[in-house]
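Please open the model in your viewer and keep the selection panel at hand. The tour goes from one selection to the next and says what is to be found at each stop.

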Amino acid sequence: MNTSKKLVIFSDFDGTITERDVIVMIMEKFAPPEWVKIKDEILYKRTITLKDGVEKLFSLIDSRKKSAIVDFVKKEARLRNGFAEFLNFCEKEKIEFNILSGGLDFFVEEVLKDHKNKLNIFCNSADFNSEKI
């Protein structure tokens with residue numbers, strides 16, 4: 001009987017792999033002031049779920065700002081020092097690395113695009129087919 005087990009890592013994205021919470025960065029730049037109340041309901045009051053809160057946050061932003069948001073994230077979001085090396089270690093040691101994020105695919109995947117072949121991303125998807133995200 002083979003008792004060896006496969007090692008698997010699950011990690012958050014915003015503020016864990018990245019130096020700052022990318023959702024907060026986006027909200028500070030693109031959302032109207034009422035985003036702060038929603039953030040507080042998610043993080044401090046816990047009166048709404050992360051999924052519902054992220055949906056509410058991004059519904060404050062015009063969907064036509066997608067490319068501006070992506071450009072901003074490409075320029076401003078930073079991965080923590082050592083993350084690329086850690087992924088290389090995981091790949092070498094055949095350790096599966098998974099990202100579990102309450103963030104949205106269009107920015108999470110952009111930040112991680114240089115590493116996509118070394119990890120799996122599980123996050124919410126954004127819809128740009130209406131006036132708001």
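Select Cys-90 first: in this predicted model the residue is buried, with a relative accessible area of 1%. Cys-90 takes part in no disulfide, and the nearest cysteine sulfur, which belongs to Cys-123, is 19 Å away. Now add Cys-123 to the selection, which at 26% relative accessibility counts as partly exposed. Because its sulfur lies 19 Å from the closest cysteine sulfur, in Cys-90, the two are too far apart for a bond, and the structure as a whole holds zero disulfides.

Next, turn to the aromatic side chains, among which the structure holds nine aromatic pairs. Select Phe-86 and Phe-97, whose rings form an edge-to-face pair with 5.9 Å from centre to centre and 80 degrees between the planes. This pair links distant parts of the chain, since Phe-86 belongs to helix H5 (residues 83–92) and Phe-97 to strand E2 (residues 96–104), eleven residues apart. Colouring by accessibility would show Phe-86 as partly exposed, at 34% relative accessibility, whereas Phe-97 counts as buried at 4%.

Then move on to Phe-106 and Phe-107, where the ring centres are 5.6 Å apart and the planes stand at 85 degrees, so this pair is edge-to-face as well. Phe-106 is buried at 9% relative accessibility, and Phe-107 is buried with a relative accessible area of 0%. Extend the selection to Phe-13, Phe-58 and Phe-128, which together with Phe-106 and Phe-107 form one aromatic cluster. While Phe-128 is in view, display Lys-66 too, because the charged end of Lys-66 sits over the ring of Phe-128, 4.7 Å from the centre of that ring.

Lys-66 leads to the last stop, helix H4, which spans residues 66–76. Which residues of H4 are buried? They are Ile-69, Val-70, Phe-72 and Val-73. Look down the axis of H4, and these buried residues fall within an arc of 160 degrees, so they line one face of the helix. Rotate the view to the face turned away from that buried side, and select Ser-67 and Lys-75, the exposed residues that it carries. Finally, return to the buried side and display what covers the buried residues of H4, which includes helix H1 (22–30) and helix H6 (105–111).

Note on methods
Residues numbered from 1 in each chain as written. Predicted model: local features only at pLDDT ≥ 70, side-chain atom pairs only at ≥ 80, totals over all residues. Heavy atoms only, no water. Disulfide = S-S within 2.5 Å. Buried < 20%, exposed > 50% of the residue type's maximum accessible area, 1.4 Å probe, protein only. Phe/Tyr/Trp six-rings, centres within 6.5 Å; stacked < 30°, edge-to-face > 60°. Helix = DSSP H or I, 4+ residues; strand = E, 2+ residues; numbered from the N terminus. Lys NZ or Arg CZ within 6 Å of the ring centre and 35° of its normal. Arc of directions from axis to C-beta. Contact = heavy atoms within 4.5 Å.
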